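The exercises below are to be worked with the sequence and the coordinates side by side. Each task is followed by a solution that proceeds step by step.

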Amino acid sequence: MNCDNTLEEVFYKYLSHNDMKKNDYTLYHYTSPEAAKSIIENKVIHCTNILFFWDKKEIAYAFDLLSHVILEIECQPLFKQEVDNILKEKFNYRYFGMLDKLYVASFSLNRDSLFMWNSYTNNQSRFGYMLGIKANEFIDPTFEWKSGCLSSAEIIYDKDKQVRLLRELVNDYNSVNMTVDNIDEVMAKFSISFAYFAVFIKENSYSSEHEYRILFEPNILVECKTNPFKELNEFDKLFREWKMKTDYKIRDGIFTPYIAFPYNTKSVKEIMPSPYMKYKEAKRGLEHYLKFIGAKIEITESSINSD
């Protein structure tokens, strides 16, 4: 393996990256009434900081897979020692510092799914909306790619496939001739590659979500990849000066960092009220609102019987 490969090349090798511009998928975003209004009105999708996006079960699952794979492979002593440290300290280990600058948005490929309605309309009344978004129109034509880059893919739920891909990743890095002089560089790149991989895997028990994720990297992070040990205060100074600012929302009582990612509003083709809402009243309110803001989005009714 050429250890000078970019992370984008690593991502493309181990995951089924989808070019959103060529993707005919419709992505479905299930959310609260307040969030749906904000997405349509403010013309942005919130991409959550990855360290606040992952739940503990996802993180544990990814590291359990790595632990399983590393036992199968005869590794170089230096590499094995560092991987063992990673398994012990997980994302607290020093190589994972840049994860704080990665952001994720989540969608489903399932339209009008009872499982998704129940999971993502987070209120006692289960009120909410589903937004249908055309993937190949999602990126705003005026988006400045120098602001950052997108990687997107379906979540992999098949454990055999996960193990096979992770084994390939570990073997590739293990094939690098590691020395005390290059181990930090190699392990920094391995750690980020593994983190990329971890974003797009979940236990099979979650397969009903049929989830699709978009991973956004600010360009300032791309620029710093070539020097993963750049002084942290210098890195943070550059990041604070970056124009797409980090903001904070309160989620489950927690201050949660996110980036408001501008999307093409014409990509939203459908809005569907939750089956737990009174459709006629919801439709009337939506019609009035969409006319008021000048948005042309088809209003559809759920086929799910909520009684």
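**Exercise 1. Backbone and exposure at two loop residues**

Does histidine 210 count as buried, partly exposed or exposed?

Before the solution, the conventions: this is a predicted model, in which local features need pLDDT of at least 70 and side-chain atom pairs count only at pLDDT 80 or more, whereas totals for chains, interfaces and linings use all residues. Residues are numbered from 1 along each chain as its sequence is written, and side-chain values use heavy atoms, with hydrogens and water left out.

Solution. Begin with the cut-offs: buried means under 20% relative accessible area, exposed means over 50%, and partly exposed lies in between, for a 1.4 Å probe and protein chains only. The relative accessibility of histidine 210 is 30%, so this residue counts as partly exposed. Next, place histidine 210 in the loop between H8 and strand S6 (211–218), where helices (H or I, at least four residues) and strands (E, at least two) are DSSP runs numbered from the N terminus. Finally, turn to the backbone: most residues other than glycine have a negative phi. Histidine 210, which is not a glycine, nevertheless has a positive phi near 45 degrees.

Now carry out the analysis for aspartate 112, asking where this residue is placed.

Solution. Aspartate 112 belongs to the loop between S3 and helix H6 (114–120). Its phi is positive, about 50 degrees, although aspartate 112 is not a glycine. With a relative accessible area of 10%, aspartate 112 is buried.

**Exercise 2. Packing around helix H4**

Determine how H4 is oriented relative to H8, H7 and H5, and which residues make each contact.

Solution, step 1: the geometry. Axes are lines fitted to C-alpha atoms, for helices over the stretch in contact, and angles run from 0 to 180 degrees between N-to-C directions. Angles under 35 degrees count as roughly parallel, over 145 as roughly antiparallel, 65 to 115 as roughly perpendicular and the rest as oblique. A crossing is left-handed if the near helix is turned anticlockwise from the far one by less than a right angle, and right-handed if clockwise. Contact means heavy atoms within 4.5 Å. For residue classes, Ala, Val, Leu, Ile, Met, Phe, Trp, Tyr, Cys and Pro count as nonpolar, Asp, Glu, Lys and Arg as charged, and the others, Gly among them, as polar.

Step 2: H4 with H8. Helix H4 (residues 56–72) packs against H8 at about 125 degrees, with the axes 10 Å apart, and the two are therefore oblique to each other. Their crossing is right-handed. On the H4 side the contact involves Ala62, Phe63 and Leu66, which meet Phe190, Phe194 and Ala198 of H8; by class, the residues of this contact are six nonpolar, no polar and no charged.

Step 3: H4 with H7. Here the angle is about 60 degrees and the axes are 10 Å apart, which makes H4 oblique to H7. H4 passes H7 in a right-handed crossing. The contact of H4 with H7 comprises eight nonpolar, two polar and three charged residues.

Step 4: H4 with H5. Helix H5 (residues 77–89) packs against H4 at about 155 degrees, again with axes 10 Å apart, so H4 and H5 are roughly antiparallel to each other. The crossing of H4 past H5 is left-handed. Phe63, Leu66, Ser67 and Ile70 of H4 make the contact with Phe79, Lys80, Val83, Ile86 and Leu87 of H5.

**Exercise 3. Aromatic pairs**

How many aromatic pairs does a search of the whole structure find?

Solution. Rings of Phe, Tyr and Trp (its six-membered ring) pair if their centres lie within 6.5 Å; planes under 30 degrees apart count as stacked, over 60 as edge-to-face and the rest as tilted. The search finds 12 such pairs. In one of them, the rings of phenylalanine 107 and phenylalanine 138 have centres 6.0 Å apart and planes at 80 degrees, so the pair is edge-to-face. Phenylalanine 107 lies in strand S3 (residues 103–108) and phenylalanine 138 in the loop between strand S4 (129–134) and strand S5 (148–154), 31 residues apart. Phenylalanine 107 and phenylalanine 138 are both buried.

For tyrosine 173 and phenylalanine 190, the centres are 5.4 Å apart and the planes at 75 degrees, so this pair is edge-to-face. Tyrosine 173 in helix H7 (residues 159–174) and phenylalanine 190 in helix H8 are 17 residues apart. Ring pairs also link Trp54, Phe63, Phe79, Phe91, Tyr173, Phe190 and Phe194 into a cluster.
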